[in-house]
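Please work through the following exercises with the sequence and the model side by side, trying each task before reading its solution.

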Amino acid sequence: MRYVGRTLGIGLNMGKPFAFYLLCSRSFPNRKAARKGNAAYIINQTETDNPYVSYPVVRLTREYAVVTNGLHTDFIAQALEWERPRKALVHVLDALDYERDSYNTPRIAGIIQRGERRGWLGFAGREEFWVREIELEEGKAFLTATYNVDGFQEVEMSFSTARELAERAMRLPFENRVLAIGVVERKEEWELGTAE
């Protein structure tokens with residue numbers, strides 16, 4: 001197994017878009033996920049002055065679900081009020097750039113749109129920057145990570161509920177898994193589920 005740090009993916013299941021976030025951590029494994037309204041947060045449980053270990057991880061709007069590994073979650077959701085997904089990712093990721101921690105942790109982000117068979121992934125690292133629009137494929141997820149994933153890769157992914165999606169993400173063959181969050185389109189709203 002390899003260590004990939006934070007991982008997120010977007011895909012298509014039963015004709016509906018989905019997204020997930022998998023937190024793998026060596027330095028801060030004592031964290032939990034909490035939902036508040038139309039957002040989910042990663043909350044650190046140990047004392048630290050590191051500003052990057054607690055953050056909004058999912059933001060749900062009527063049309064979009066945004067999943068990221070940091071505070072850029074909310075900025076991207078706000079940008080989607082007046083910009084298309086690709087431009088929202090480009091502008092926010094370019095403005096904030098990678099995290100200024102001891103690892104120069106990249107910022108990663110994913111967007112899915114209600115009723116669409118396409119999604120968007122973005123990556124802002126110290127020496128690499130990209131944003132991609134992706135045609136989603138049934139039963140597959142396209143994932144990227146902060147470390148040790150070159151661009152993005154495909155994985156098979158099938159499930160029935162958002163919780164099952166999170167549980168499936170927790171079984172991905174990566175080291176130091178802590179928790180996962182799944183987001184699935186339903187008829188009236190987004191469904192969100194977690195697994196630890």
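**Exercise 1: the six-stranded sheet**

Trace the open sheet of 6 strands, in which the order is β11-β10-β1-β2-β12-β13 and the pairing is antiparallel, and find out which strands stand at its edges.

Solution. Begin with the basis of the exercise: this is a predicted model, in which local features need pLDDT of at least 70 and side-chain atom pairs count only at pLDDT 80 or more, while totals for chains, interfaces and linings use all residues. Residues are numbered from 1 along each chain as its sequence is written, and side-chain values use heavy atoms, with hydrogens and water left out.

Next, apply the definitions: strands (E, at least two residues) and helices (H or I, at least four) are DSSP runs numbered from the N terminus, and two strands pair if DSSP finds at least two bridges between them. The edge positions belong to β11 (153-156) and β13 (190-195); each has a single partner strand, so one side of each is left without a neighbour in the sheet. From one strand to the next, the twist averages 20°, where axes are lines fitted to C-alpha atoms (for helices over the stretch in contact) and angles run from 0 to 180 degrees between N-to-C directions.

Now look at one edge in detail. Strand β12 (residues 177-185) pairs with β13 in the antiparallel sense over 6 bridges, and a hairpin of 4 residues joins the two. Within this pair, Gly 182 has Gly 193 of β13 as its bridge partner, and Ala 180 stands opposite Ala 195 in β13.

Finally, add the helix: α3 (residues 162-170) lies across β2 (16-24), β11, β12 and β13, and runs at about 145° to β12, contact meaning heavy atoms within 4.5 Å.

**Exercise 2: the seven-stranded sheet**

Follow the open sheet of 7 strands from one edge to the other, then place the helices that lie on it.

Solution. The strand order is β3-β4-β5-β6-β7-β8-β9, again with antiparallel pairing. Here β3 (31-36) and β9 are the edge strands, and because each has a single partner strand, one side of each is left without a neighbour in the sheet. Neighbouring strands are turned by 15° against each other on average, direction ignored.

Then count bridges: β8 (residues 118-124) and β9 (residues 129-135) run antiparallel and are joined by 7 bridges, with Arg 118 opposite Glu 135 in β9 and a hairpin of 4 residues leading from β8 to β9. Strand β7 (residues 107-113) also runs antiparallel to β8, through 6 bridges, and Arg 107 stands opposite Ala 124 in β8.

As for the helices, α1 (residues 72-79) lies across β5 (55-60), β6 (64-68) and β7, at about 25° to β5. Helix α2 (residues 85-96) packs on the sheet and touches β6, β7, β8 and β9, its direction making about 10° with that of β8.

**Exercise 3: the domain record**

Which residues does UniProt list for the domain, and what is the helix and strand content over them?

Solution. The unreviewed UniProt entry lists residues 3-188 for "domain: Inosine monophosphate cyclohydrolase-like"; UniProt positions are given in the numbering used here, feature names are shortened, and annotations may be inferred rather than shown by experiment. Over these residues the chain is 16% helix and 43% strand, and the end C-alpha atoms are 37 Å apart.
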